[in-house]
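User: I've got a model open and keep running into labels I'd like to see justified. Can you walk me through the reasoning?

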Amino acid sequence: RKDEEVRHLRDEQATSGGIFKRLVGRTRKRSKANKFTISNTQDLYPPVASGIDKSTPAGSDPPLGMVTFVYTDVLGSTKIWEQDESFMRASLQLHNTLIRGKVIEFGGYEIKNIGDGFFLAFNSDLEALLFCIEVQQALCQMEWPTYNGADIPAVRPHVDPVTGQVTWRGLKLWTGIHKGIPFNQLNPVTYRMD
């Protein structure tokens with residue numbers, strides 16, 4: 001029975017447009033263990049409590065069914081913070097703006113942003129992979145603030161020894177991709193799906 005539901009969700013995810021509203025309502029109502037029912041997307045995104053800005057996270061509706069997740073993390077960020085806080089603060093703002101713009105461009109959904117890392121979801125492997133490639137290329141082409149700390153590998157530009165071309169500069173970003181069927185639940189503080 002459970003395998004049938006998973007296949008059904010995956011098939012609908014692949015072929016439907018407005019699937020978010022329909023699937024969340026149906027799957028939540030079917031569950032006897034979970035008394036939290038959702039009838040439409042307005043129930044998921046109630047009016048914002050004072051002081052909470054829902055516009056900051058990128059993406060609109062979270063993907064359901066088989067989802068491709070992307071995790072990002074800035075390499076060596078702790079040492080960079082220790083060496084040059086003003087560089088890291090400015091660089092992180094550039095990084096966050098870039099990530100959120102690319103999430104929207106590739107139809108992703110920002111689940112969480114914790115420090116200098118993001119937890120994202122995409123409807124397909126291809127969207128996730130293209131997102132990762134585009135972000136890496138854009139990071140290399142960005143104009144970064146001047147770094148005034150001690151020389152550490154995390155901020156040192158990398159030059160290809162054969163071509164002499166700069167292949168990396170600025171913040172170095174780790175990206176990881178994973179695929180699976182998540183358990184979706186509404187975060188009562190952020191009004192985002194976790």
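Analyst: Sure. Helices and strands here are DSSP runs, a helix having at least four residues and a strand at least two, numbered from the N terminus. With those names, Asp84 sits in the loop between helix H4 (77-83) and H5. Keep in mind that this is a predicted model.

User: How do you know that Asp84 has no salt bridge?

Analyst: A salt bridge needs a side-chain nitrogen of Lys or Arg within 4 Å of a carboxyl oxygen of Asp or Glu. For Asp84, the nearest side chain of opposite charge is Arg89, and that is 9.2 Å away, so the cut-off isn't met. Asp84 is buried all the same.

User: What does the side chain of Asp84 reach, then?

Analyst: The backbone nitrogen of Phe87, at 3.1 Å. A polar contact takes N or O atoms within 3.5 Å, so that distance fits. Leaving aside neighbours within four places in sequence, Asp84 is also in contact with Thr146, Tyr147, Asn148 and Gly149.

User: Now the rings. Why is the pair Tyr71 and Phe119 called stacked?

Analyst: Ring centres have to lie within 6.5 Å to pair, and planes under 30 degrees apart count as stacked. The count comes to four aromatic pairs. In this one the centres are 4.8 Å apart and the planes are at 10 degrees, so it is stacked. Tyr71 lies in strand E1 (residues 67-74) and Phe119 in strand E3 (residues 117-122), so the pair ties together parts 48 residues apart in sequence.

User: What makes Tyr71 partly exposed?

Analyst: Buried means under 20% relative accessible area and exposed means over 50%. Tyr71 has 30%, so it falls in between. Phe119, at 24%, counts as partly exposed by that rule too.

User: And why is the pair Phe122 and Phe131 called tilted?

Analyst: Their centres are 5.1 Å apart, but the planes are at 40 degrees, so the pair is neither stacked (under 30) nor edge-to-face (over 60). Both Phe122 and Phe131 are buried.

User: Which residues touch the most other members of the largest nonpolar core?

Analyst: Out of 30 residues, they are Ile80, Ile99, Leu120, Phe131 and Leu139. At least two residues each come from E1, helix H5 (85-105), E3 and helix H6 (125-141), with H6 giving the largest share, seven residues. Beyond its neighbours within four places in sequence, Ile99 is in contact with Phe118, Leu120, Phe131, Val135 and Leu173. There's also a second, separate core of six residues, including Val67 and Tyr109.

Definitions and conventions:
Residues are numbered from 1 along each chain as its sequence is written. This is a predicted model: local features need pLDDT of at least 70, side-chain atom pairs count only at pLDDT 80 or more; totals for chains, interfaces and linings use all residues. Side-chain values use heavy atoms; hydrogens and water are left out. Rings of Phe, Tyr and Trp (its six-membered ring) pair if their centres lie within 6.5 Å; planes under 30 degrees apart count as stacked, over 60 as edge-to-face and the rest as tilted. Buried means under 20% relative accessible area, exposed over 50%, partly exposed in between (1.4 Å probe, protein chains only). A nonpolar core is a set of buried Ala, Val, Leu, Ile, Met, Phe, Trp, Tyr and Cys residues joined through side-chain atoms within 4.5 Å. Contact means heavy atoms within 4.5 Å. Lys and Arg count as positive and Asp and Glu as negative; His and the chain ends are not counted. A polar contact is a pair of N or O atoms within 3.5 Å; within protein, one must be able to donate a hydrogen and the other to accept it, and residues adjacent in sequence count only if both atoms are side-chain atoms.
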